[in-house]
Amino acid sequence: MTNLLEHPAADAAPGSSAAAWAVAELQALATGLAGALRCSVVGGFDDDGLLQVTTAVEVLGRRVDALRVATAAEVANRSRPELGTGRLSARRGCRTPGELLERVTLVSGPTAQRRMRLGRQLRTGRSLTGEPLPPLFPATAISLATGAIGIDTADAILTALTPTLRCTDLDSVQAAETELVAAATGTSSETPVPASA
């Protein structure tokens, strides 16, 4: 199975050809999933099998959620107000990036807003000279992108830490973030069992 985040063809061919490749890969994954597991068979699993499948489905869902957040952040970025009539949302006949996301994904307004908010905080930025800038919350960004944590955990961490940016330095906030991610993933010496969101 190919990795959409690390596939050389996707990195080497920006634009519509890379997008077409990604769409084809995602459609193949969706088709494969439909063939591998149907909702109707879940009731036939024994207790242990049911819990194992539940865990495996959640792992897959975290990977999908990470891509949902990343794509929402990019839609929001390309729909920034300063782009005027050239912003993506305006060119697609929408007033806001949230409205555009609601239309193309069929999710609710709050879901679209949550994805964009998380994505803005976890996205890699660019300096004025075009150099890549790390995300504000790097440990959360990496953990979400790799599926180590889910969207609920990322949201809980960012909701707790974002207000502290006004009253303390970034290094202290990021140190706290690292500890929270370690607790969430069970990699902390103080919390060897993963904490739920």
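Modeller: Let's start with a term: accessible area here comes from the Shrake-Rupley method, run with a 1.4 Å probe. For this protein, which is a predicted model, the exposed area is about 12400 Å². Carbon and sulfur atoms supply 60% of that area.

Colleague: Okay, and which elements do I meet if I walk along the protein from the N terminus?

Modeller: The order is α-α-α-α-α-α-β-β-α-α-α. In total there are 9 helices and 2 strands. The C-alpha trace spans about 55 × 40 × 35 Å along its principal axes.

Colleague: How many of the residues in the protein are buried?

Modeller: A residue counts as buried when its relative accessible area is under 20%. Here, 27% of the 197 residues pass that test. You can also look at contacts with a separation of 6 or more: residues 24 or more positions apart account for 41% of them.

Colleague: Next, the inside. Which residues have the most contacts in the largest nonpolar core?

Modeller: A nonpolar core is a group of buried residues such as Leu, Phe and Ala, joined through side-chain atoms. The largest one here has 17 residues, and Leu122, Phe137 and Leu144 have the most contacts inside it. Helices H3 (47-78), H6 (109-122), H7 (138-145), H8 (151-161) and H9 (170-185) each give two or more residues to this core. H8 supplies the largest share, 5 residues.

Colleague: What does Leu144 touch, leaving out residues up to four places away in sequence?

Modeller: Try clicking on Leu144 and looking around. Its partners are Arg62, Ala66, Val69, Leu122, Ile149, Gly150, Ile151 and Ala154. There's also a second, separate core of 9 residues, with Cys94, Leu100, Ala112 and Met116 among them.

Colleague: How do I read a single helix, then? Which residues of H6 are buried?

Modeller: Check how long the helix is, then see what it hides and what it leans on. H6 has 14 residues and reaches 20 Å from its first C-alpha to its last, close to the 20 Å expected at 1.5 Å a residue. Its buried residues are Gly109, Ala112, Arg115, Met116, Leu118, Gly119, Gln121 and Leu122. They pack against H3, H5, H7 and H8.

Colleague: And what covers the buried residues of H5?

Modeller: The cover includes H3, helix H4 (88-91) and H6. The buried residues of H5 (residues 97-105) are Pro97, Gly98, Glu99, Leu100 and Leu101.

Colleague: Glu99 is on that list! Where does its salt-bridge partner Arg103 lie?

Modeller: A salt bridge pairs a side-chain nitrogen of Lys or Arg with a carboxyl oxygen of Asp or Glu, within 4 Å. Glu99 and Arg103 meet that way at 2.7 Å, N to O. Both lie in helix H5, 4 residues apart, about one turn of the helix. Glu99 counts as buried because its relative accessible area is 14%, whereas Arg103, at 48%, is partly exposed.

Colleague: How many salt bridges does a search of the whole structure find?

Modeller: It finds 9. Asp65 and Arg68 form one of these, at 2.9 Å, and both sit in helix H3, 3 residues apart. Asp65 is buried at 16% relative accessibility, while Arg68 is partly exposed at 36%.

Colleague: Which distant parts of the chain does the pair Arg114 and Asp155 link?

Modeller: Those two side chains meet at 3.0 Å, N to O. Arg114 is in helix H6 and Asp155 in helix H8, 41 residues apart. Arg114 is partly exposed at 25%, and Asp155 is buried at 12%. Shared partners join Arg114, Arg117, Asp152 and Asp155 into one network.

Colleague: Now backbone angles. What phi does Leu106 have?

Modeller: The general idea is that most residues other than glycine have a negative phi. Leu106 isn't a glycine, yet its phi is positive, about 65 degrees. You'll find Leu106 in the loop between H5 and H6. Its relative accessible area is 75%, so Leu106 counts as exposed.

Colleague: Last one: which residues form a nonpolar patch on the surface?

Modeller: Look for Leu26, Leu29 and Leu67, which together have about 210 Å² of accessible area. Leu67 lies in helix H3 and counts as partly exposed at 31% relative accessibility. A patch takes residues with over 30% relative accessible area, so Leu67, at 31%, passes that cut-off.

Note on methods
Residues are numbered from 1 along each chain as its sequence is written. This is a predicted model: local features need pLDDT of at least 70, side-chain atom pairs count only at pLDDT 80 or more; totals for chains, interfaces and linings use all residues. Side-chain values use heavy atoms; hydrogens and water are left out. A nonpolar core is a set of buried Ala, Val, Leu, Ile, Met, Phe, Trp, Tyr and Cys residues joined through side-chain atoms within 4.5 Å. Buried means under 20% relative accessible area, exposed over 50%, partly exposed in between (1.4 Å probe, protein chains only). Contact means heavy atoms within 4.5 Å. The expected span of a helix is 1.5 Å times one less than its number of residues. Patches are made of residues with over 30% relative accessible area and no salt bridge: like charges are joined within 9 Å, nonpolar side chains (Val, Leu, Ile, Met, Phe, Trp, Tyr) within 5 Å.
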